[in-house]
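Biologist: I would like a close look at one part of this protein, explained slowly enough for a first-year student to follow. Please take one region, and then connect it to what lies around it.

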Amino acid sequence: MKKALLYLFYFILVMFVATWAVYSVWMLATGSSLDDVLRAFGGGSEGFVTPDMMVAASAFSSAAIISLFAWRRFAPMSPVYLRTRPWGVFFWCAVASVGTIIPSAWLQELMPGLPDLSGDTFKMIMDNRYGYFVLCLLVPFAEEAAFRGAVLRSLLGSMKSHWAAIAISAAAFAIVHGNPVQMPHAFLVGLLLGWMYYRTGSILPGVVLHWVNNTVVYAVYMLFPYTADMSMQDIFGGNTNNMVLSVIFSMFILLPAIYQLDRNMRKA
């Protein structure tokens, strides 16, 4: 448990330090004063932090996390799992990811009191030309390395119940997102990601699921940006029956995918 907490601390510390290092250097290089940097650091970042800065900070912090966790072997990385040719696992991970999207949106609809603290930030990053590279490629790899490859791996080695370890890592994954409206989805997906790591011993299935999930969200936003501020009720024209049917249809995608994953997954 102590190691898991230490890995979580490293993740948060690197994210914080790397993000503010980029912000500080960027602001000073573009003519802001040290007082402006300190003001932004103290919480008054509005007007100082631009989308380009957010993308650069997210890219740098994700790369720093991947480098640190690989270098210190907090999350051992090797091509061993790929040598098992787990293409079926990767395919069903992608299918499962698609099946989680509408139920996730429906779950958020059932919890209208949860504030969305990061919605505008994500929109600005996705609108950036490098947004896909950061949100869909770097961030999934960094988060899987930290939360499954390090935190969950440590918990599985110190706890008798693998489900308790998976639940704790999923809760940490949800909380660290720092956005209440995302937390239920992050927790449930964290359970699925944790189970896949437990079954395979590799972060790669989780990276695939994470990548597909973020890619679908990104693609929908790019193609239909007006839906970003719409509820599911709005998207389905207020027709509750159609909304419920879409959730049921998604479960017919998700549940068979999980079944196939259970059949296909094995440790390297």
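Modeller: Let us begin with Tyr 10, which is found in helix H1, the helix that covers residues 2–29, and keep in mind throughout that what we are looking at is a predicted model. Tyr 10 counts as partly exposed because its relative accessibility is 26%, and the partly exposed class lies between the limit for buried, under 20%, and the limit for exposed, over 50%.

If neighbours within four places in sequence are left aside, Tyr 10 is in contact with Leu 68, Phe 69 and Phe 74. Leu 68 is a good example of how the fold brings separate stretches of chain together, since Tyr 10 and Leu 68 are 58 residues apart along the chain, while their C-alpha atoms are separated by 9.0 Å.

From Tyr 10 we can step to Phe 69, whose own contacts, again without the neighbours within four places in sequence, include Tyr 7, Tyr 10 and Phe 11, together with Phe 74 and Ala 75, and also Ala 145, Ala 146 and Ala 150. Phe 69 also belongs to the largest nonpolar core, a set of 65 residues, where it is listed with Met 196, Leu 209 and Leu 261 among those with the most contacts inside the core. Helix H6 gives the most to this core, with 13 residues. In soluble globular proteins, nonpolar side chains tend to be buried together.

Helix H6, which spans residues 131–158, also holds a charged residue that deserves attention, namely Arg 148. Arg 148 is classed as buried because its relative accessible area is 1%, and its side chain makes a polar contact of 2.7 Å with the side chain of Glu 144. Not counting residues up to four places away in sequence, Arg 148 touches several others, including Phe 173, Leu 193, Tyr 197 and Ile 203.

Returning to the part of the chain that follows Phe 69, we come to the loop between helix H3 (51–71) and helix H4 (87–109), where Arg 73 is found. Arg 73 counts as exposed because its relative accessibility is 54%, and its phi is near 60 degrees, a positive value in a residue other than glycine. Arg 85 has its place in the loop between H3 and H4 as well, with a phi near 55 degrees, which is again positive in a residue other than glycine. At 63% relative accessibility, Arg 85 too counts as exposed.

Note on methods
Residues numbered from 1 in each chain as written. Predicted model: local features only at pLDDT ≥ 70, side-chain atom pairs only at ≥ 80, totals over all residues. Heavy atoms only, no water. Helix = DSSP H or I, 4+ residues; strand = E, 2+ residues; numbered from the N terminus. Buried < 20%, exposed > 50% of the residue type's maximum accessible area, 1.4 Å probe, protein only. Polar contact = N/O pair within 3.5 Å; in protein donor to acceptor, adjacent residues only side chain to side chain. Contact = heavy atoms within 4.5 Å. Core = buried A, V, L, I, M, F, W, Y, C linked by side-chain atoms within 4.5 Å.
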